[in-house]
Every structure is written in C-alpha cells, then in structure tokens.
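Please open the structure in a viewer and keep the selection tool at hand. The tour below proceeds stop by stop, naming what to select and what is found there.

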Amino acid sequence: MTIGRSSMTRRGALTAGIAAVGLAACSDDTGTIGSGDEPEEEPTSAASVTITPADGAADATAASEIAWTVENGAFTEFKLTDAAGDAVEGDMHPDGTTWVPAAPLEWEGTYTASVTAEDEAGIPVTVESTFTTIASPGNRVSIENYLPGQDSTVGQAAVLAFRFVDYEIPEDLRQSVERRLFVSSEPAQEGSWHWITGRALEYRPKEYWQPNTQVSVRLAIGGLPIGEDRYGEFDAETVFSTDSEARMLEADNETKQLRAYQDGSIVQTIPISLGADEIDGHDARSFEGQMIIMSREEESTFVSDLYDYETDVKWAMRLTFSGQFIHGAPWAADALGNSNISHGCINVTDEMGQWLFEFVRWGDPVVVLNTGRALPPGDGFTTWDLDWETLVAGSYLERTAEGEGG
C-alpha cells in the first residue's frame with residue numbers, strides 16, 4: 001500500500017503557521033478585520049435641563065404650565081405631546097417664565113414635555129418629562145361672564161368684566177389667578193385688571209380703546225387651583241372689535257340736558273329728568289360718575305320692591321346692576337329739562353329714547369355730572385370711574401418698564 005505524501009513542505013507549513021498567527025493578531029472579537037483604531041464616542045453636552053412638572057409627577061392639573069431651567073447651556077426647543085404623541089398647542093406666558101397650553105389639558109391625561117438645549121460647543125441634549133393630570137375635581141367654581149360677544153363690535157369704553165360665583169379668591173392667590181387672564185389688542189394699548197372685590201374683576205385700557213381695535217381675551221382659569229381645594233371650572237375666550245366711530249353720552253344735572261357726542265362733536269342735545277332727591281324716605285338721586293352702556297332692551301318691565309312699583313318701559317339702556325337706566329318715560333314730559341322726578345333713571349321722551357337706543361352700542365361711555373351721589377364701585381362696570389393710578393393699584397401683577405402688567 002502506498003501512502004500519499006502531502007505537497008506541503010516543512011518550509012510551506014512554517015510559512016502557513018506564521019500567516020495564521022498574523023491573521024489572528026489583526027482580527028477583532030467578531031473575526032472581522034478592523035482598522036486598528038478605537039471607536040469614537042458620541043460627545044456629551046455640558047448642558048443640563050430640569051423640567052417642571054417633574055418626570056413621573058401625578059399631581060398636575062388641567063391648568064398646569066410647563067417650566068424648565070437650563071444650566072451650562074442655552075434653550076433651543078420645546079414641545080409637549082399627549083399620550084397619542086400628538087403635539088399640544090401653546091405659547092410662552094407674556095412674563096417669559098412658563099409655557100402655557102392654548103387650552104386646558106385633559107383630566108387624567110398623560111403628557112410628555114421635551115426640552116432641548118445646547119452647550120457652548122453647540123452639542124445638544126434633550127430631556128423629557130412625562131406626567132399625568134389628576135382626575136376632574138368636584139369642587140369647581142364657575143364665573144358670571146360679562147365679556148363682549150364673539151366677533152361683536154362694541155363702543156370705545158368696553159370693559160372686560162367677570163365674577164366668580166359665590167367664592168372670594170384668597171388674597172395670596174390673586175396674583176396667580178390674574179396672570180392667567182390674557183388680553184391682547186391690535187393696535188397694542190396699555191391696560192390693567194382691577195380687583196373690585198375678591199370675586200369681581202374688571203379690565204380696561206388706560207385710555208378709551210382706539211377705533212377699529214381688535215381685542216383678544218382668554219380667561220385661562222379652567223382647572224386652575226384657586227384655594228380651599230377649589231378649581232376654576234372652565235376657560236372663557238372672545239375676540240371682538242371696537243367701532244370705527246367714537247360715541248359718548250353726557251348727562252348734566254345742572255342743565256337737565258343730555259348731550260350725545262360722535263367723534264368729539266355734539267350731534268344731539270336732549271332734555272332729561274334724573275333721580276329725585278328723595279322718594280318715600282329714600283335717596284333716589286341718579287349716580288354721578290363714568291359708566292358704560294351695559295345692555296339695550298327695546299321693551300322691558302321694571303319692578304322695584306323698594307319703591308313698590310311695576311312699570312313697562314321702552315328703549316331701556318342699562319347703566320348699573322342696581323337698576324339705573326336711560327329710557328323713554330312719556331309720563332315725565334312736563335319734568336324733562338327742568339326737574340328730577342325719577343327713581344334714579346335718566347328719563348327722556350320715547351322719541352329721544354329710540355334715537356339714543358339706535359345711536360349707542362354696548363360699551364359706549366356715559367358720564368353723569370353734578371348729582372352729588374357717588375357711583376358705588378362694582379355697581380355696573382365702574383372702572384372708568386377710577387383714575388389710572390387707582391386702577392393699577394387694584395392689580396396684583398407687577399408692572400414692567402413699559403407699564404404693562406406682568
């Protein structure tokens with residue numbers, strides 16, 4: 001039997017062995033050939049981000065705002081998404097401290113806030129915080145809403161007013177409530193909120209609204225904690241415009257005349273009768289001060305328990321909550337222009353009542369002079385009866401250098 005011999009010589013075998021050793025020395029753990037260089041690590045940003053509500057928080061409310069701080073870097077991007085991954089709309093608060101959702105968040109909702117920042121080298125870092133809101137609380141407080149109607153056109157003295165129903169906001173929470181009341185106008189005009197009481201607020205501009213101003217309002221109090229384990233019930237929003245014409249009524253007790261102005265010029269002078277000095281032992285004088293047209297009713301029935309009467313009237317234009325109006329009063333014909341016989345209203349003929357009714361809009365200013373009886377704060381929309389300094393002193397927000405509320 002012949003045994004075959006391998007063609008590999010001893011020299012060949014030695015060479016192959018060297019090659020095998022060399023191959024092992026040039027391979028990585030997976031057996032693939034590498035370059036011999038260590039892999040580069042991703043650079044780490046020096047910036048750090050802290051988000052509120054914190055990741056895992058379960059005590060947020062529908063009115064929660066998002067805040068963040070960045071150290072060793074600069075903020076570049078923010079987004080908020082809901083549980084489905086859809087973006088939540090919103091914007092920075094005018095004071096620049098927080099991001100405010102454009103509408104209340106859902107109760108028992110899950111949200112993820114994402115903040116991106118960069119360090120000085122431009123290296124980014126993104127931090128996320130996922131939080132949930134509480135179940136809808138039962139103790140929610142509604143409001144009486146006196147805002148102008150959506151897309152309405154109003155007079156130059158339009159006031160923004162609302163009242164919390166049967167609840168006074170504790171004083172230490174009024175700033176947090178007020179900073180959730182957003183008013184913007186085009187063209188921009190300075191204005192301020194004023195707390196008449198702990199439940200009654202009004203906003204007006206420093207001067208009468210300019211003609212053709214568009215005003216946007218959001219009372220963003222839905223879900224807002226307002227003390228005593230209570231929360232705001234809902235948001236209220238409106239957008240309205242001021243008229244192109246400026247109208248004003250001025251009633252003077254000394255002359256017993258009412259002057260109607262349009263764009264600064266008198267367009268009508270009307271004889272009037274105001275509230276009598278005394279009726280049935282009560283001071284019946286009309287209030288003196290700066291008011292606005294609060295409502296207009298072509299026909300109305302006036303009922304007074306104090307004076308025990310019920311009377312049908314036409315062309316009623318309300319000035320106060322307590323029941324002072326401008327209205328037609330045919331029974332007062334002999335008193336118009338010379339004496340006061342009403343229970344506090346401003347009486348005119350039915351003919352002039354209709355003319356005034358068709359002339360004015362909601363929000364037109366009405367100035368009553370020389371009756372000697374002061375207008376009670378909050379009896380109607382009364383902030384035009386305050387000077388600017390007094391009005392601003394009734395706000396809980398700090399004023400900026402430009403004079404705007406925070």
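## The whole chain

The chain holds four helices and 27 strands; helices (H or I, at least four residues) and strands (E, at least two) are DSSP runs, numbered from the N terminus. This is a predicted model, in which local features need pLDDT of at least 70 and side-chain atom pairs count only at pLDDT 80 or more, while totals for chains, interfaces and linings use all residues. Residues are numbered from 1 along each chain as its sequence is written, and side-chain values use heavy atoms, with hydrogens and water left out.

Begin with all 406 residues of the chain selected: 44% of them count as buried. Buried means under 20% relative accessible area, exposed means over 50%, and partly exposed lies in between (1.4 Å probe, protein chains only). The accessible surface of the chain comes to about 21,000 Å², and carbon and sulfur atoms hold 47% of that surface. Such areas come from the Shrake-Rupley method with a 1.4 Å probe; for residues, only the protein chains shown count as cover. Among contacts in the chain with a separation of 6 or more, 66% are between residues 24 or more positions apart, a contact being heavy atoms within 4.5 Å.

## First stop: β3, β6 and β7

Select residues 110-118, which form strand β6. Seven of the nine residues of β6 are buried. Two strands are said to pair if DSSP finds at least two bridges between them. Strands of a sheet pair through backbone hydrogen bonds, either parallel or antiparallel.

Add residues 74-82, strand β3, which pairs with β6 in the antiparallel sense over eight bridges. Within this pairing, L80 has A113 of β6 as its bridge partner. Next add residues 124-132, strand β7, which is joined to β6 by nine bridges, again in the antiparallel sense. Here V127 in β7 stands opposite V115. Five residues lie between the strands in the hairpin of β6 and β7, where G122 takes a positive phi near 80°.

## Second stop: an open sheet of four strands

Which strands should be selected for the open sheet with mixed pairing, and in what order do they lie? The order is β10-β18-β15-β12. The edges are occupied by β10 (153-154) and β12, each with a single partner strand, so one side of each is left without a neighbour in the sheet.

Now narrow the selection to β12 and β15, an antiparallel pair joined by six bridges. E186 has Q214 in β15 as its bridge partner. E186 is also joined to P187 by a cis peptide bond, with omega about 5°. P187 itself lies in the loop between β12 and β13.

## Third stop: the pockets

Remain with β12, which supplies five residues to the lining of the largest pocket, the largest share. The space in this pocket is about 620 Å³. Of its 31 lining residues, the closest to its centre are P94, L181, F182, V183 and S184. Elements giving two or more residues to the lining are β4 (90-92), β5 (99-101), β12 (181-186), β13 (191-195) and β15 (214-219).

On a 1 Å grid over the protein atoms alone, a pocket is an open set of points where a 1.4 Å probe fits, with protein on both sides within 12 Å along at least five of seven lines; lining residues have an atom within 4 Å of a point. Grid points are joined across faces, edges and corners, and a volume is the space filled by probe spheres set on the points.

For the second largest pocket, the volume is about 330 Å³. Select S304, Y309, S322, G323 and H343, the closest to its centre of the 17 residues that line it. Strand β23 (residues 295-304) gives three residues, the largest share of this lining.

## Last stop: backbone details in loops

Select T52 and P53: the peptide bond from T52 to P53 is cis, with omega near 5°. P53 is found in the loop between β1 (48-52) and β2 (67-71).

Move to D151, in the loop between β9 (143-145) and β10. Phi of D151 is near 65°, a positive value in a residue other than glycine. Is D151 buried or exposed? D151 is exposed, with a relative accessible area of 61%.

Finish at D263, in the loop between β20 (257-262) and β21 (265-271). D263 has a positive phi near 50° and is a residue other than glycine. With a relative accessibility of 48%, D263 counts as partly exposed.
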